[in-house]
Amino acid sequence: MTRAFLVVMDSVGCGGAPDAAVFGDAGANTLAHIAAECAAGRADVGRAGPLRLPVLDGLGLGAAVRLASGDATPGLGAVPSGRWGAATEVSNGKDTPSGHWELAGVPVPWDWTYFPDTTPAFPEGLVAQVCALAGTKGILGNCHASGIPIIEKLGAEHMRTGWPICYTSADSVFQIAAHEESFGLERLLTLCKALAPTLHAMKVGRVIARPFLGQPGAFTRTPNRHDYAIAPPAPTLLDWVQGAGRATHAVGKIGDIFSMQGIGTLHKGKSDLDLFEHLLALADGAEPGSLTFANFVEFDSLYGHRRDVAGYARALEWFDARVGVLLTRLRPGDIAIFTADHGNDPTFRGTEHTRERVPVVVAGAGTGQIGICGFTDVAASIAAHLGVPAQGNGKNFL
C-alpha cells in the first residue's frame, strides 16, 4: 500500500489571492518578494546571492508562484519535473486553523471573532475571568502586539506583579505570555486550557500559551508554546484516513491545530530541525497506507512575523536541502505534497499574515500542471491516492 506525506511550509505563500485587497494585502507575495530581495543582494545575511531552492523549484515551486500571481521569480526558473499548481482558500481568514482545516478538506463555516485594535482590546468580563483563573488582580497588555516586543516591554512588570501578559493580533487569537519560572509553566498552561472553552464559544480560534525565560533586557521565548485550538467543525482528512483503519502521524503543531482529532501518533520537537528528523524517520518507517501530516512553523514564527527576509531565505534554503534527503527515503508509490496554509510576506507592511494563494508541488505523482485548485482539493487528492473515502467537495488533481 502506498503512503502520503502532507508537508505544510507555514506561511510560504505565493501571492495572487483574488480577495487579497479585502484583507488589506493586495500585492503581497511571500515567495516572489523573498526571491526578488535575494536577487537584488538585499538578503545577504548568513547567505548570499539569488534564492536557491533546487529541489522544490525542480518539482515546480517557481512555476507555481508565477501561475498564482504572475510575479517574477528570480532564481526559481527550473523546468518542473513534478506535479505543480497553486491553491486558493475560501475560508474567511488568513490564520493557521483556517488554512490547515481547509487543506484537510473542511473550510471554516463561520466568521472568526477578532478583537479590536484598541487599548483595552478585551471585554471586561473576559479580563475578569482571566484574573479569577490566574489568581491575580489584573492583566498586562490588553492590546494588539507582537510577541517579542511586548515581552521586552512588559516582562519586568510581569515578574514584579505576577500579572499575565495578554495580547492579540490580526488573527483570531488570545495569547498569554508568562515567565516559566516566576509565573510557572504548568500554571500558564492550566490557565490557557481553562480559558479556552470561553474563547472557543466566542469563535476565537486559539488560546496560545507563550512562555518565556530570562531577565529584563534578555528575555527569550521557549519551545514550550502550546495552542489550545477550537476543534474542526467536521471530520477532516485525518479522520477519513483513521476511519479507514489506516495509521495517521502528526508532526509539529498539527496536534494542536486539530485538537488531536484523527491523530494516531504525535511527533513534536523544539525546532524545525527536530521536526524534520521526525519526518525522515517516518519516511523510513511509517506504515503502508498511512498519512503523515507535518507543519514547519519557523518560516512564520521566526522570520515572517519579524519581517526578516534574510532569515526567511536561509530557512527556505535549509528546508530545500532537507527535502532532497526526504525524497530519497520515499518508497515506490508514495507521494509527498508540499504546500502552505497562508502567506507572511516579510517585505510587506506590518507584522501579520498575508492573504495569498499557496503553492502545491507534488513528488511521486508524475509531471504536469495541476493549475489553480482549491485547498480542499489537497485532501481529496490524498484520499484518492490512499484509497479512502473522502467527504466534502474537493476534487482529485492527481
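In this predicted model, 13 residues of domain 1 are in contact with 12 residues of domain 2, where contact stands for heavy atoms within 4.5 Å. To see which parts of the protein chain are meant, it helps to trace the division along the sequence: domain 1 is made of two stretches, 4–109 and 233–386, while domain 2 covers 124–229. The centres of domain 1 and domain 2, taken over C-alpha atoms, are separated by 29 Å.

The meeting of the two domains can be described further by its area and by the kinds of atom pairs found there. About 1,100 Å² is buried between domain 1 and domain 2, and carbon and sulfur atoms give 47% of that area. Between domain 1 and domain 2 there are 4 residue pairs in polar contact, counted where both residues have pLDDT 80 or more, whereas the count of salt bridges between these domains is 0. On the side of domain 1 that touches domain 2, helix 4 (96–103) and helix 9 (254–257) each supply at least two residues. The residues on this side of domain 1 divide into 7 charged, 4 polar and 2 nonpolar.

Following the chain onward from helix 4, the reader comes to a loop that leads to helix 5 (124–134), and Pro120 has its place in this loop. The peptide bond that joins Thr119 to Pro120 is cis, with an omega near 10 degrees. Another backbone detail belongs to the loop between helix 9 and strand 10 (265–267), which is where Ser259 lies. Although Ser259 is not a glycine, this residue has a positive phi of about 50 degrees.

The database record adds a further layer to the picture. In an unreviewed entry, UniProt places the domain feature "Metalloenzyme" at residues 3–388. Over residues 3–388, the model is 38% helix and 20% strand, and the C-alpha atoms at the two ends of this range are 12 Å apart.

Which residues does UniProt list for "binding site"? The unreviewed entry names Asp10, Asp341 and His342. These residues are spread over 333 residues of sequence, and yet they cluster in space, with a largest C-alpha distance of 7.2 Å. One of them, Asp341, can be found in the loop that runs between strand 12 (335–339) and strand 13 (358–363).

Note on methods:
Residues numbered from 1 in each chain as written. Predicted model: local features only at pLDDT ≥ 70, side-chain atom pairs only at ≥ 80, totals over all residues. Heavy atoms only, no water. Domains from an automatic or database assignment. Buried area = accessible area lost by both parts, 1.4 Å probe. Salt bridge = Lys/Arg side-chain N within 4 Å of Asp/Glu carboxyl O. Polar contact = N/O pair within 3.5 Å; in protein donor to acceptor, adjacent residues only side chain to side chain. Helix = DSSP H or I, 4+ residues; strand = E, 2+ residues; numbered from the N terminus. Nonpolar A, V, L, I, M, F, W, Y, C, P; charged D, E, K, R; others polar. UniProt positions renumbered as here; feature names shortened; annotations may be inferred.
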